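Colleague: I am new to this one and would like to understand the words people use for it. Could you show it to me and let me ask how each term is earned?

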Amino acid sequence: WLARLEAGAGDGEEMAEALRRLRSAGKKTVAASLLELAAAEAQRAGAWPAAKRFLLEMLRLGIGDADECRAGLEDCVRHLRADRPSLDRVLSHYALKTARKPADAVAAVEAWLEYDIGGVFSMAGRGPGRVVEANWQLGVLRLDFEREKKVPVPIDAAPKYLTPLPRGHFLRRRLEQPDALRAEVHADPQG
């Protein structure tokens, strides 16, 4: 176990499965100690996905100091989603440190940050659009498309209807650089 920790926790799935098997074999005390050790080591090493998984499991099982686990979870989310413009506001709204159900709060925070303001997505029938507003109280995103503005999309429906467009994608360029794209098409119509 210690050798595996020193080699790196990865995403933590393999280690979490090993801990589940230990618990089901009746070794709950050993599993709890190893889980605490794995969480501390993952945080120290900056293995944020694994640390998040271990801390959530610790909270679920009631292992360790709940306040420290919640603070560690917030740190994990901050490191994993540091590039998101709404990070502080979303964390403030969902208050991981005081949430009754921290696993649900983390899932909600991650859902909102996945579809954060400024993100560019494609929607069938509407083309490319940019998230311009996020209303956490109502659970609604608003997107500006080429022909329609402020189109509401419920956050629960976003994974089904919105496809992320990476930088350089043709549809994203159609939204962000229409003149440059038009010039490329005119210069090489068959290209």
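Colleague: What makes this sheet open, and in which order do the strands lie?

Modeller: Please keep in mind that this is a predicted model. The 5 strands lie in the order β4-β3-β2-β1-β5 and form an open sheet, with antiparallel pairing. At its edges are β4 (151-154) and β5 (162-164), each of which pairs on one side only. From one strand to the next, the twist averages 45°.

Colleague: How do you know that β3 and β4 count as paired?

Modeller: Two strands pair if there are at least two bridges between them. Strand β3, residues 140-145, has 4 bridges with β4 in the antiparallel sense, so the pair meets that cut-off. If you want a place to look, Leu143 stands opposite Val151 in β4. The hairpin of these two strands has 5 residues between them, and Lys150 takes a positive phi near 55° there.

Colleague: What makes β1 a partner of both β2 and β5?

Modeller: The same cut-off of at least two bridges decides it. Between β1 (residues 120-123) and β2 (residues 127-135) there are 4 antiparallel bridges, and between β1 and β5 there are 3, again antiparallel. Both counts reach the cut-off, so both pairings stand. On the β2 side, Val120 stands opposite Arg130; on the β5 side, Phe121 has Pro164 as its bridge partner. In the hairpin of β1 and β2, with 3 residues between the strands, Gly125 has a positive phi near 85°.

Colleague: Which way do the side chains of β1 point, and are they buried or exposed?

Modeller: Val120 and Ser122 point one way, Phe121 and Met123 point the other way, and all are buried. Strand β4 alternates too, with Val151 and Val153 on one face and buried. Pro152 and Pro154 point to the other face of β4 and are not buried.

Colleague: Why is Leu141 called buried?

Modeller: Leu141 lies in strand β3. Buried means under 20% relative accessible area, and Leu141 has 0%, so the word applies. Leaving out residues up to four places away in sequence, Leu141 touches a list of residues including Trp112, Tyr115, Val131, Val151, Val153, Ile155 and Leu162. Gln190, by contrast, is 49 residues from Leu141 in sequence, and their C-alpha atoms are 37 Å apart.

Colleague: And why is Ala103 called partly exposed?

Modeller: The term covers values between the buried limit of 20% and the exposed limit of 50%. Ala103 has a relative accessible area of 44%, so it falls in that range. You will find Ala103 in helix α7. Leu73 is 30 residues from Ala103 along the chain, with 9.6 Å between their C-alpha atoms.

Colleague: Let us turn to the helices. Why are α2 and α3 called roughly antiparallel?

Modeller: The axes of α2 (residues 13-24) and α3 (residues 28-45) come within 7 Å and cross at roughly 160°. Angles over 145 degrees count as roughly antiparallel, and therefore α2 is roughly antiparallel to α3. The crossing is left-handed. From α2, Leu19, Leu22 and Arg23 make the contact, and from α3 it is Lys28, Val30, Ala31, Leu34 and Leu35. By class, these residues are 6 nonpolar, no polar and 2 charged.

Colleague: What makes α5 and α7 roughly parallel?

Modeller: Helix α5 (residues 66-80) and helix α7 (residues 102-114) pack at about 15°, and their axes are 12 Å apart. The limit for roughly parallel is under 35 degrees, so α5 and α7 earn that description. Their crossing is right-handed. Arg70, Leu73 and Val77 of α5 meet Pro102, Val106, Val109 and Leu113 of α7. That contact has 6 nonpolar, no polar and 1 charged residues.

Colleague: Why do you give an angle and a distance each time?

Modeller: Because two packed helices are described by the angle between their axes and the distance between the axes.

Key:
Residues numbered from 1 in each chain as written. Predicted model: local features only at pLDDT ≥ 70, side-chain atom pairs only at ≥ 80, totals over all residues. Heavy atoms only, no water. Axes fitted to C-alpha atoms, helices over the stretch in contact; angles between N-to-C directions. Parallel < 35°, antiparallel > 145°, perpendicular 65-115°, else oblique. Left-handed = near helix turned anticlockwise from the far one by under 90°. Contact = heavy atoms within 4.5 Å. Nonpolar A, V, L, I, M, F, W, Y, C, P; charged D, E, K, R; others polar. Buried < 20%, exposed > 50% of the residue type's maximum accessible area, 1.4 Å probe, protein only.
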